[in-house]
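The following exercises ask the reader to work through the sheets, a ligand site and one loop residue. Each task is followed by a solution in steps.

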Amino acid sequence: MKINQQHFQSIWLKEDDPTCVQIIDQRHLPHQFIIEDLSSVEAVAQAIKEMHLRGAPLIGVTAAYGMYLACLEAPQGFLFDDYVEKAANHLKSTRPTAVNLAWAVDQLFETIKTTENRQEKIKLALQKAEQLKKESIERCFQIGQQGLPLIKNLSAQKNGEVINILTHCNAGWLACVDYGTATSPIYLAHDRGIKVHVWVDETRPRNQGARLTAYELGQHGIPHTVIPDNVGGHLMQHGMVDMVLVGTDRTTRKGDVANKIGTYLKALAAKDNNVPFYVALPSSTIDWSIEDGLKEIPIEKRGESEVKYIAGQHQNSIKQVLLTPSTSPAVNYAFDVTPAHLVTGLITEKGVCAASEEGLLELFGQNQQS
Ligand code: MRU
């Protein structure tokens, strides 16, 4: 994706130093564009936990590179795998909801166990991380292709008038490596000349919509409007939303969907107003081991300061200001679960399916892999 006409992905190896991973530090967007060097597994763990980067697919790919850095740090001999296993557990503990994290870390660990040779382990770890990155890009690209007909059909039904799409949080290329999940069909539709406009939920408390989705869409020239989180229901009641399109951090085999806190309320409003509610996801976000999202998906709880303080730019620097009485407690659930019956369809790299076990198995078959 482009930033000021220059092509960027959200993560890459430093050009002149293959022991350093570079990311865009998303805490400073949209006001400052800062590239951060990550040169140790601890730095990667901190960057994921403190949300220098975020979004389920990107967390997975970054953790894969973190495992590669762990291999570079690991001691010679029989303690190598122990060191890397500890690093794997540490990485997995940073953010519990997005399943892509454990999915990627486990694949890296399995890969390095296939050889006893230290140099070979390091080489395989890097190869695997690069492979996961490449696959993530390809899956997001395919999600765009698969989701495009949905927007095209809505456009045809409206005789080419603007299609208004509401999205929540940031499920764009900044949350992935490129293209995004929910944004991928939107970018494609816009590039094909279909008129789209995006309602961007601000997404309290960290404002990923207001800061990141608005920034991405603006860079791509897509008409959009930032709205407070509580406006969506009103817009839907007045026919101003043609489709809701969001991402997900973990989808169960029965189609329950965990996504950024507040997604469930949009799904309820969509149901009440007959607005189609679609969820876009790569297959790496499906947790085939669980069925009931409400009971089985771990919901991350973050610090109360993210609710009590709000950050923004003032006179060229980012400032935090206190929003609440300093003594009032706050609670910060980072995700909620939208039950499958509220989801119109899942847009995956393999096609669009019902949010159900039958729907997912039809696309991915019994081996459950793409
Ligand atoms: O807490 P975040 O910013 O990591 O949450 C991200 C989301 O909820 C996204 O919607 C989700 O990861 C889908 S990303 C393509």
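**Exercise 1. Determine how the two faces of strand 9 are covered, and which strands pair with strand 9.**

Step 1. Both faces of strand 9 are covered, with Met 243 and Leu 245 buried on one side and Val 244 and Val 246 buried on the other. Buried denotes a relative accessible area under 20%, exposed over 50%, and partly exposed in between, with a 1.4 Å probe and protein chains only. In a regular strand, side chains alternate between the two faces of the sheet. The model is predicted: local features require pLDDT of at least 70 and side-chain atom pairs pLDDT 80 or more, whereas totals for chains, interfaces and linings use all residues. Residues are numbered from 1 along each chain as its sequence is written, and side-chain values use heavy atoms, without hydrogens and water.

Step 2. Strand 9 (residues 243-246) runs parallel to strand 12 (residues 277-280), joined by 3 bridges. Val 244 has Phe 277 as its bridge partner in strand 12. Two strands pair if DSSP finds at least two bridges between them; strands (E, at least two residues) and helices (H or I, at least four) are DSSP runs numbered from the N terminus.

Step 3. Strand 6 also pairs with strand 9 in the parallel sense, over 2 bridges. Here Ile 165 stands opposite Met 243.

**Exercise 2. Describe the order and the edges of the open sheet of 7 strands, and state which helix packs on strand 7.**

Step 1. The strand order is 8-7-6-9-12-17-18, with mixed pairing. Strand 8 (224-227) and strand 18 (351-353) are at the edges; each has a single partner strand, so one side of each lacks a neighbour in the sheet.

Step 2. On average, neighbouring strands of this sheet are turned by 25° against each other, direction ignored. Axes are lines fitted to C-alpha atoms, for helices over the stretch in contact, and angles run from 0 to 180 degrees between N-to-C directions.

Step 3. Helix 7 (residues 208-220) packs on the sheet and touches strand 6 (163-167), strand 7 (196-201) and strand 8, its direction making about 160° with that of strand 7. Contact means heavy atoms within 4.5 Å.

**Exercise 3. Give the order of the open sheet formed by 4 strands and identify its edges.**

Step 1. The order is 13-10-11-16, and the pairing is mixed. At the edges stand strand 13 (286-287) and strand 16 (335-338), each with a single partner strand, so one side of each is left without a neighbour in the sheet.

Step 2. Strand 10 (residues 250-252) pairs with strand 13 in the parallel sense over 2 bridges, and Thr 251 stands opposite Ile 286.

**Exercise 4. Identify the residues that come nearest to the ligand, and the polar atoms close to its oxygen atoms.**

Step 1. Of the 19 residues around the ligand (a heavy atom within 4 Å), Arg 54, Arg 95, Gln 208, Asn 259 and Lys 260 come nearest.

Step 2. An oxygen atom of the ligand lies 2.9 Å from a polar backbone atom of Ala 56. A side-chain N or O atom of Gln 208 is 2.8 Å from a ligand oxygen, and a polar side-chain atom of Asn 259 is 2.7 Å from a ligand oxygen.

**Exercise 5. Is Glu 300 buried or exposed, and in which loop is Glu 300 found?**

Step 1. Glu 300 is in the loop between helix 10 (293-296) and helix 11 (305-308).

Step 2. Glu 300 is buried, because its relative accessible area is 5%.

Definitions and conventions
A polar contact is a pair of N or O atoms within 3.5 Å; within protein, one must be able to donate a hydrogen and the other to accept it, and residues adjacent in sequence count only if both atoms are side-chain atoms.
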